[in-house]
Structure formats: C-alpha cells, structure tokens
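Thanks, everyone, for making the time this morning. Before I start talking, please take a moment to look at what is on the screen.

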Amino acid sequence: MIDEIQKNLLREIADLHAVPEGAYNIRANGEKAGRATTENIDIVTKEDKQGIDIIIKPFTKNESVHIPVIISESGLKEVVYNDFHIGEGANVVIIAGCGIHNCGTQTAEHSGIHTFYIGKNANVRYVEKHYGDGDGTGENIMNPTTEIYMEEGSRMEMETTQIKGVSSTVRNTTAKLAAGANLVVKEKIMTHGTQLAETNFVVDLDGDGSGTNLISRSVAKDRSHQIFRSNIRGNAKCHGHTECDAIIMDEATVAAIPEITANSIEASLIHEAAIGKIAGEQIIKLMTLGLDEKEAEEQIISGFLK
Amino acid sequence: MLELRNISFSADTENGTKGILKNVNLTVDERFVAITGPNGGGKSTLAKVIAGILTPTEGQILLDGEDITNLSITERARRGVSFAFQQPVRFKGITVKDLITLAAGKKIGVSEACEYLSEVGLCARDYINREVNASLSGGELKRIEIATVLARGTKLSLFDEPEAGIDLWSFNNLIKVFENLYAKKGGSIFIISHQERILNIADKIVVVANGEISRTGTKDEVLPALLGKANAACPTLSDKVI
C-alpha cells in the first residue's frame, strides 16, 4: 500500500497521479509495490540479485513503461539491477526515477544499475528524474549507473533531471554504438547547500554513421560542488558533440572536463564547456519588465534548465 | 508626465570622476519625444537614469508627480516605465514566447504573442518557440526587444536607438509601430535616435551634447539648425542623420 508521502514522491519523479497506463513496476522501500505487464512488455523479477528484467517485444509501438523507485525509510540502502531488453524496431518510452523522503538521521541510498540492450532500429526515449525531500538530517544519496548497448540504426534519447534534495550523486553512463546508432543525452542538474553531483559519460562510437550529442546544463548554488566529465571516443566514421553549460552562484564550485578522442580519421568530434555566473544585464532586462531581482534570477535559472 | 529636475550623473574613470550628465532639466508630456545628439553626449545614460538602471548623482525624477528617484528598476517598471535596450540581452533557455509573456505581465496566448511579433515584422510562427540566444541575429533580437515594450504597453516607453541593426523594410515599419503603440496605449514614447525620419515624427526634439541639453523644441524649431550645424561642423553626425 502506498502512503501519501510515497504518492508525492511518485508525482515528483514520474508525474504519476494515479496508476500508470501500460506496463509498470513500482518499487517502494526495497519491495515490489505494484506491477503490470502488457502483451508486448514483460517485467520479470531477477532471481540472483535485486532488480527486474524488462523485456520489450520487437516492433512494439507507442507503449510506455514506468519503473519508479521510492524510499521513505531512513537508513535504507539498496543496489538494484534493472536490465532493459528492447526488441528490434520497437518504439517505446521508459520513465524511471528515484525519490527519497528522509525524515530520519540515517543515510538513505539508492544505486540503480540500468543496462539497456537496444535492438536494431529501435527507438527509446528514457526519462529519469531524481528527487529528495524530508526534514531529517540523514543524507539522500543516489548513484545511478547506466550502460547502453545500441545495435545498428537504433536511437535513444535520455533525459535526466536532478533538481532538488539529493545530497550526493555520482552518475556514470557508458554507451557503445553500432553503425547508424544515435544517442542524445540531455542532463539537467541543480545543487544546493553542500550537495555534490558528479557526472561521468563515456561513449564509444564504434560504427560508421553513429553519432551522439551530450548536453549538460547545470546550476550550482550555495556551497555545492559539481563535476562533469565526458569522453566521446570516435572509433569509426562518426560524429560526436559534448556540451557542458553551468551557472555558478554563491560559493559553489563547478569543474567541467570534456574529452574527445578520435581513433579514426573519419571521426568528427566537438566539445564545448562554459561556466559563469548569471549575467547582470540579464537580471536588469527582466527587472525592466517588472520582475524583482529574485524573480528574475529564478526565471533565468528555470529557463536555463527547461 | 515625466519631469527631470537638475539631473546629474558622474562616473569614475581612470582620469578621475567624469560628469556624464550635467544639471539636466526636462519635462516630457508629449506623445513622441526624440532625443538626439552626438555619440558620447549622454543620451543613453539619460534613458538609463530614467529607467533606474543608473542612479543619478544629483537631482530628482518625477513620474506623474511622484518622486521615483530612489525607486528600483522593478518599482519603476511596475509604475509604467519600459525600456528597450540598444544592445538586446540574450538568454539561454528563455523562448521568445516566454519573454513576451513576462513583458505582458500575464499569461497570454500564442496568438497575442504573435501579434506583437508581427507588429515588428517577424513571422511569428518561426520565432515563437525559439530561444532568445545567439542563434538569432542582431536585427531579430532588436525587433524582439521592441516587441517586449509593445507587450508592456506602459505609460512611458523608452527606446534606445531602436533603428540600430534594423533593415530598411523594418525601419519603414518602425514608424508605424510607434504610431500604433501610441494609438493603442497612449502615454509617452521617448526615443533616442539619429534618424531624421524618426525625428520628423517627434512632437518634441531634445538635443543632448556633452551631458547637457543644448536645444529643445519642435522639429521645425530644432531640425533646420541641427542639420545645418551637423552638415557644417560634424560630418559624423551628418552621416548619421539621414
């Protein structure tokens, strides 16, 4: 049974106001809290470790899978392995995410290890949101690891968002792309207080015609610290672009370390990184529209992270 | 009505304090007031002082009789002062629709936002969802900047060289934009410009040079002397005043 706190977490991380349509698996405090499968999407509990296998049949079209994780027990620590097997030609949306409500003094920690096997010409949109709240002093830690294996002609768009309440996160994402595969990653992070957010991407463009676009936008406030690392390795005739754009405020610190490695003369790779405070002229412009300084700042940040 | 009383503004430079505005007195009660004069004469500073972006070293600013000298940019904006920057500001992530909605100060539909864009000669559908960032040209940003002031529709609209960066077709329409703005919203339009066609539609022309108002009057009173003087003594200004 899901209580009100958990319902709120579901709203925050997956925009769920009711039981989702289609396939879903809700994990609450380390246990299965709900599951549904469809004719085309099966969800199977792993027997050797914590986690599930999500099996999507070839050529499944316009279906979605929700797999949110919610934790409201202070002190709960878990490592969960979820494997996604996406059949050839499928076109699906996968909505994940983790929400922690920590009212206690102990650390609550979720490490989700997600592995995607994306079949030939399949198209996946993956949305992952991390959120924390609660009035306890215990930390909320989330360390997602995402491994992606993309077959020929497949496409994945990954949107990850962490806006509030996560004390510490280390996000590791690796991907291997076959010929014609395309991976787009859009990451949005905002840190407050003394939070730490570390992001590491390693993408191997192994096949001719493969491509990737890694875009990270982040805002670091107070005394928080962020590190962004990306490495795109062009191992064939491919194109890759990585971009880190950060707004820094207060006493926060941000490091951006984009790296590109061309192992083929046909590889075309670009990296960009920019870190800076909000431009004073932006604040002034919005103030001339009638916003006060705080409203102007909020508007600039929300637009930047939109 | 806007009234400037003994406004002075000084700035610190490497060579000490420099007076940018010196004891400026001005009353704006007309529809169109054009401010002109040589570069570096203090025109943009004057507009920024009125908008609250710069604080005068001395003097008083009154809007409809209320002393707004010590009010912030926001408070002046909320009392009905709008400002179109000479160099529009870029924003990552904020769309044209977002900016016009913020300017309007209320939720507006796409069709209303498109009306403002159409008025400044932009094909609205192509722009409404674009970010106000470096992907837009200087001329496009300039027109969007003007559209934000149209969306505000306040009692005092300040435009700092609205013609700069605008192509000829848009420039011809700019005159209509100002006329429509007045017809719809009333109030006063305060334009810094070097363009004779803009000076020609002004009810009052104010010439600012060396931080002082050197001449004030109607176009018939000011333009002949201004153009004659420009032609005789200031080729740079002559080139700018078409």
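Let me begin with a question: in the hairpin of S4(B) and S5(B), which residue takes a positive phi? It is Asp64(B), with a phi near 50 degrees, and the hairpin has two residues between its strands. I should say at once that this is a predicted model, in which local features need pLDDT of at least 70 and side-chain atom pairs count only at pLDDT 80 or more, whereas totals for chains, interfaces and linings use all residues. As for the labels, residues are numbered from 1 along each chain as its sequence is written, while chains are lettered from A and ligands numbered from 1 in the order in which they are written.

Helices (H or I, at least four residues) and strands (E, at least two) are DSSP runs numbered from the N terminus, and two strands pair if DSSP finds at least two bridges between them. Staying with the hairpin, S4(B) and strand S5 (residues 66–67) of chain B run antiparallel and are joined by two bridges, with Leu63(B) partnered by Glu66(B). S4(B), residues 58–63, is also joined by five bridges to strand S1 (residues 2–13) of chain B, again antiparallel, and there Ser8(B) stands opposite Glu58(B).

Elsewhere in chain B, an open sheet of six strands with mixed pairing has the order S6-S7-S8-S3-S9-S10. Its edge strands, each pairing on one side only, are S6 (81–84) and S10 (212–217) of chain B. Within that sheet, S3(B) and S8(B) are parallel over four bridges, and Ala34(B) stands opposite Ile191(B).

Turning to chain A, consider strand S13 (residues 145–150), where Thr146(A), Ile148(A) and Met150(A) point to one face and are buried, while Thr145(A), Glu147(A) and Tyr149(A) point to the other and are not. Buried here requires 20 or more other C-beta atoms within 10 Å of the residue's own, with exposed meaning 12 or fewer, partly exposed lying in between, and C-beta atoms placed from the backbone. S13(A) runs parallel to strand S10 (residues 108–118) of chain A, with six bridges, and His114(A) stands opposite Thr146(A). S13(A) also pairs in the parallel sense with strand S15 (residues 168–177) of chain A over six bridges, where Glu147(A) has Thr174(A) as its bridge partner.

Finally, 18 residues of chain A are in contact with 20 residues of chain B, contact meaning C-beta atoms, placed from the backbone, within 7 Å. On the side of chain A that touches chain B, H2(A) gives the most, with seven residues.

Key
Two residues are in contact if their C-beta atoms, placed from the backbone, lie within 7 Å.
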